[in-house]
Amino acid sequence: MSRKKRTTQRKHPRLVAILAVIALLFGVSVTTLGTATTAVADTGGYPWADAQLLNASDYDWGYSSCPESDTGCKSMTYRLNGVTYGVSDPYGYYLRNCTSYVAWKLVSQNVAASDVRGLGNGGQWYDNAPSSKRSLTPKAGDAAVKPGTTASPYGHVAYVESVNSSDATITVSEYNHHANGTYDTRTGTPSALGFTKFVDFGVTAGSSPPAEVRPTVSNTIPWNFTVLEGDSGAVSHQDGDIGKGAAVTTYNGSQQAFYYDATGGNLRHAWRASGGSWNAETLDGAGGGSGRMDGNVGINPSVAVYGDSIQVYYYDAGNGNLRHAWASSTVGWQFETLDGDSGAISHFSGNVGSSSKVVTFGSTLQIFYPNLDTGDLRHAWADANGWHFENLDGDSGSIAGQVGGYGQAVGSSLAATVVNGTTIQLFYYQSAGDNLRHAWYDTTTGWHFENLDGDAGSISGYDSSVGQNPSVTYNGSLQVFYFDATGGSLRHAWTDANGWHFEALDGADSAIGPNHYSVGLYSSAISGDGVNIQLVYYDQRWSNLRHAWTDSSGWHFENLDGLGGGPAGRVPWDVGQFPVLTSFGGSLNVFYYDILYGNLRLMQSQ
């Protein structure tokens with residue numbers, strides 16, 4: 001049976017197209033193949049089995065008032081007889097569909113919620129999962145995938161409860177196999193059940209997961225919470241999916257923030273004076289003068305103050321280019337395509353600039369960004385003679401290749417800082433090998449390169465998948481934070497007179513912090529007083545924003561937002577991705593993304 005396509009009524013219309021693919025039709029199979037046997041039970045423990053049937057032909061179930069177990073159910077809605085019902089689970093799937101059940105089942109087995117989101121229709125889970133998780137051999141705890149066909153294009157997904165080696169059968173539990181939103185189990189060979197592919201999330205079915213205690217909200221530092229953009233009730237009153245990947249700086253005494261508007265495909269700009277009100281505008285992407293363009297621009301901006309000017313760099317996703325905007329106290333905003341097109345300033349063609357980091361170094365601007373076509377790390381710098389470009393790392397012809405020891409597939413995420421005005425320090429992810437690379441530059445000896453962490457030959461000697469989304473600050477020594485995908489932890493590397501040191505800061509059983517779940521995929525760090533560190537990062541397991549800081553007694557940790565609780569303004573749903581930590585007006589400011597509602601949130605220490 002197929003599900004009729006419909007328009008999903010959502011708070012943010014920009015998600016309709018995405019959700020039509022990701023969550024619209026979750027694949028239903030009504031035929032039991034071969035000699036497979038079926039056992040129908042009650043709910044399988046699935047917490048939203050009581051969701052009301054709204055439309056049988058569209059397989060819609062929902063709530064007129066969201067339950068405590070799913071406070072964000074109305075992120076996807078359905079209108080029936082003038083009543084708006086919530087039909088979404090916390091993972092972005094329709095309630096009582098096969099995908100919703102398997103996502104819930106995996107999370108109940110301690111799989112991070114972020115790992116089960118965005119996998120699409122049931123038949124797409126294998127193709128949309130990371131290659132490291134794909135398998136053609138079933139294992140207890142896997143997601144079993146029945147790919148879509150012409151007759152049933154959306155496929156189906158179930159949870160493998162057990163594998164019987166004596167007769168090569170498996171037992172799966174599932175929802176909506178009978179197109180009625182109910183739970184059942186089936187036993188048979190994979191081929192008889194229709195499952196040909198499997199996704200291994202690293203859990204073992206049949207065993208009891210460790211007892212979990214939901215973390216509590218801390219109030220060590222008092223905070224204020226604001227929705228800055230993305231909702232009609234936000235400070236800006238601008239509705240849309242806004243705020244993913246912000247860049248923030250202070251310029252001429254005002255706070256300046258730049259971020260992506262996924263609804264309009266624009267670069268947004270917000271600013272305020274200390275103690276003043278926020279102003280906001282669409283800076284690029286909607287056409288206009290001074291070099292503005294009409295296109296999908298603004299992804300992953302970076303920003304720096306350079307003399308009397310503010311300089312912003314961001315990705316043009318439609319053309320695969322790096323865009324550049326700048327303004328000063330005397331000249332308004334100007335725009336250009338810096339790299340990635342024959343007509344760009346560089347005259348170089350390639351898919352470049354999907355992320356970037358910019359720093360000022362002496363009298364120069366220095367910007368670093370990936371070339372997705374070749375896996376190189378690009379480097380551009382501006383001086384009195386104009387712009388210059390080179391491949392810094394990624395192949396034998398790059399600067400790293402010329403001095404020996406280049407990496408491959410480098411720079412997709414990166415962090416940069418300048419130390420004492422004398423060296424550029426650059427840290428970036430190498431996806432070919434899952435390492436953290438380190439490059440540094442001084443005016444006397446030039447560029448140097450090393451594998452800092454992630455394999456037996458790196459400085460750490462730690463062989464693991466590390467280095468995604470690094471952040472860096474300097475407090476007399478370099479302090480680097482990044483994700484350890486193998487350990488599910490936030491890694492910390494730092495230097496002193498004795499060289500580099502490494503530790504699991506939070507998330508792993510051996511970590512300093514108390515959180516023993518998967519944390520640290522996104523982080524941001526500063527050292528405002530030059531001594532103590534302030535750090536914010538995303539907790540993938542509980543979908544909340546965490547905070548760590550140091551003082552004379554060591555590290556301290558707290559949960560900031562995403563768990564609900566007081567004071568007013570905290571929310572009980574998935575927030576905290578893409579955090580940016582700054583200091584402004586005598587307080588800590590954290591800008592971060594609300595993934596459920598597509599908002600840019602701001603919290604400020606009191």
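This section describes the confidence of a predicted model, the environment of one helix and the arrangement of one sheet.

The chain of the predicted model has a mean pLDDT of 88, with 90% of its residues at 70 or more. Residues 1–35 have a pLDDT below 50. In the model, this stretch nevertheless has 110 contacts beyond near neighbours in sequence.

Helix 2 spans residues 98–108 and is largely enclosed by the rest of the structure, because 10 of its 11 residues are buried. The buried set comprises Cys 98, Thr 99, Ser 100, Tyr 101, Val 102, Ala 103, Trp 104, Lys 105, Leu 106 and Val 107. Both helices and strands contribute to the cover over these residues. The helical part includes helix 3 (113–116) and helix 4 (125–128). The strands that take part include strand 7 (143–146), strand 8 (156–164), strand 9 (169–175) and strand 10 (183–188). After helix 2 comes Asn 110, which adopts a positive phi, near 75°.

An open sheet is built from four strands in the order 12-39-38-37, with antiparallel pairing. Its edges are formed by strand 12 (223–229) and strand 37 (575–584), each of which pairs on one side only. From one strand to the next, the twist averages 25°. At the edge formed by strand 12, six bridges join this strand to strand 39 (residues 599–605), and the two run antiparallel. Within this part of the sheet, Glu 229 lies opposite Leu 600 of strand 39.

Note on methods: Residues numbered from 1 in each chain as written. Predicted model: local features only at pLDDT ≥ 70, side-chain atom pairs only at ≥ 80, totals over all residues. Heavy atoms only, no water. pLDDT = per-residue confidence, 0-100. Contact = heavy atoms within 4.5 Å. Buried < 20%, exposed > 50% of the residue type's maximum accessible area, 1.4 Å probe, protein only. Pairing = 2+ DSSP bridges. Axes fitted to C-alpha atoms, helices over the stretch in contact; angles between N-to-C directions.
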